[in-house]
Amino acid sequence: MQIKKHIPNAITLLNLSTGLLAIIAIFRGYFDEAFIFVCLGIFLDFWDGFLARKFNVAGPLGVQLDSLADMVTCGVVPGLMMFRLFEDIQQTQPQYMLTEETFYMGFVPYLGFLITIASCYRLANFNIDTRQTDSFIGLPTPANALVIMSIPMIQYANDFEMLTAILYNPYVLLVITLISAYILNAEIPLFSLKIKEFTWSKYKMQILFLIGSLVSFFILGFVAIPLIIISYVLVSVISNKMTAKA
């Protein structure tokens with residue numbers, strides 16, 4: 001029993017470790033590795049809670065550890081990634097390079113950390129918001145992190161040249177940053193993607209959505225990730241309206 005008690009927290013700490021590895025990868029310019037580490041962290045984030053409930057060892061320590069680990073993997077990492085994306089544009093695209101006349105634009109990359117700040121507020125609020133026990137209010141940090149981390153992957157894959165060119169624009173990245181910071185804390189009810197028990201009747205929507213997401217990813221590649229998150233928000237809004245009418 002004592003071993004079972006520590007397994008979920010150990011998995012949470014592994015989640016934190018993947019976040020730290022992602023930070024190192026970003027600093028070294030290995031954005032693809034950072035993406036993989038974040039995906040691994042999100043995968044672990046699902047299992048720590050699932051096993052805590054399965055072993056009946058869920059407690060306040062696990063809740064706090066989970067939020068702190070998510071703050072690194074899904075808060076610090078995407079903010080740092082956006083910082084680097086802005087910075088790379090200023091270093092590689094002549095029209096955006098800093099000069100003596102435009103030196104003040106050097107602050108722009110730091111706007112990427114608005115994602116980190118918004119993620120921190122969202123995680124802290126989640127722990128005290130009693131409305132978010134079985135659903136979410138605002139976009140969960142893992143979903144938001146996947147969107148941000150998919151940007152360099154879309155750029156690398158270059159499967160859709162027009163979209164790739166758009167994502168190399170700092171104004172587009174700024175809009176994405178602002179939308180990201182807003183939707184994390186927006187008063188938009190979203191269904192939870194965490195399946196607490198593998199029951200078809202109870203989690204039919206979640207299972208179908210996850211299957212559809214996997215199919216979309218295999219067809220569209222990394223471009224599917226932001227489309228999946230947009231679909232997640234739209235499906236939640238439509239579902240909420242249908243429930244309200246019923």
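The following legends describe views of a predicted model of the protein.

**Figure 1. Overall fold of the predicted model.** The secondary structure of the protein consists of 9 helices and 2 strands. Read from the N terminus, these elements follow the order α-α-α-α-β-α-α-α-β-α-α. Along the principal axes, the C-alpha atoms occupy a box of roughly 60 × 45 × 30 Å. The radius of gyration is 19 Å, which agrees with the value near 18 Å for a compact globule of 246 residues.

**Figure 2. Nonpolar patch on the surface.** A nonpolar patch of about 1100 Å² lies on the surface, and its residues include Phe 160, Leu 208, Ile 211, Val 215, Leu 227, Ile 230, Leu 234 and Met 242. Two elements, helix H8 (204-220) and helix H9 (224-245), each give two or more residues to this patch.

**Figure 3. The second largest pocket.** The volume of the second largest pocket is about 430 Å³. Its lining comprises 20 residues, of which Val 147, Ile 176, Ile 179, Pro 226 and Ile 230 are the closest to the centre of the pocket. At least two lining residues are supplied by each of helix H5 (141-157), helix H6 (161-167), helix H7 (170-184) and H9. By residue class, the lining contains 18 nonpolar residues, 2 polar residues and no charged residues.

**Figure 4. Ile 230 in the patch and in the pocket lining.** Ile 230 is located in helix H9. This residue is one of those that make the nonpolar surface patch. Ile 230 is also among the lining residues closest to the centre of the second largest pocket.

**Figure 5. Salt bridge between Arg 84 and Glu 87.** Side chains of opposite charge can pair when their charged atoms come close. Arg 84 and Glu 87 form a salt bridge, with 3.5 Å between the closest N and O atoms. The two residues are separated by about one helical turn because they stand 3 residues apart in helix H3 (residues 60-92). The count for the model is 2 salt bridges.

Technical notes: Residues numbered from 1 in each chain as written. Predicted model: local features only at pLDDT ≥ 70, side-chain atom pairs only at ≥ 80, totals over all residues. Heavy atoms only, no water. Patch = residues over 30% accessible without salt bridge, like charges linked within 9 Å, V, L, I, M, F, W, Y side chains within 5 Å. Areas by Shrake-Rupley, 256 points an atom, 1.4 Å probe, with all protein chains shown as cover. Salt bridge = Lys/Arg side-chain N within 4 Å of Asp/Glu carboxyl O. Helix = DSSP H or I, 4+ residues; strand = E, 2+ residues; numbered from the N terminus. 1 Å grid on protein atoms, 1.4 Å probe; cavity = no way out; pocket = protein on both sides within 12 Å on 5 of 7 lines; lining within 4 Å. Points joined across faces, edges and corners; volume = space filled by probe spheres on them. Nonpolar A, V, L, I, M, F, W, Y, C, P; charged D, E, K, R; others polar. Rg over C-alpha atoms; globule rule 2.2 N^0.38 Å.
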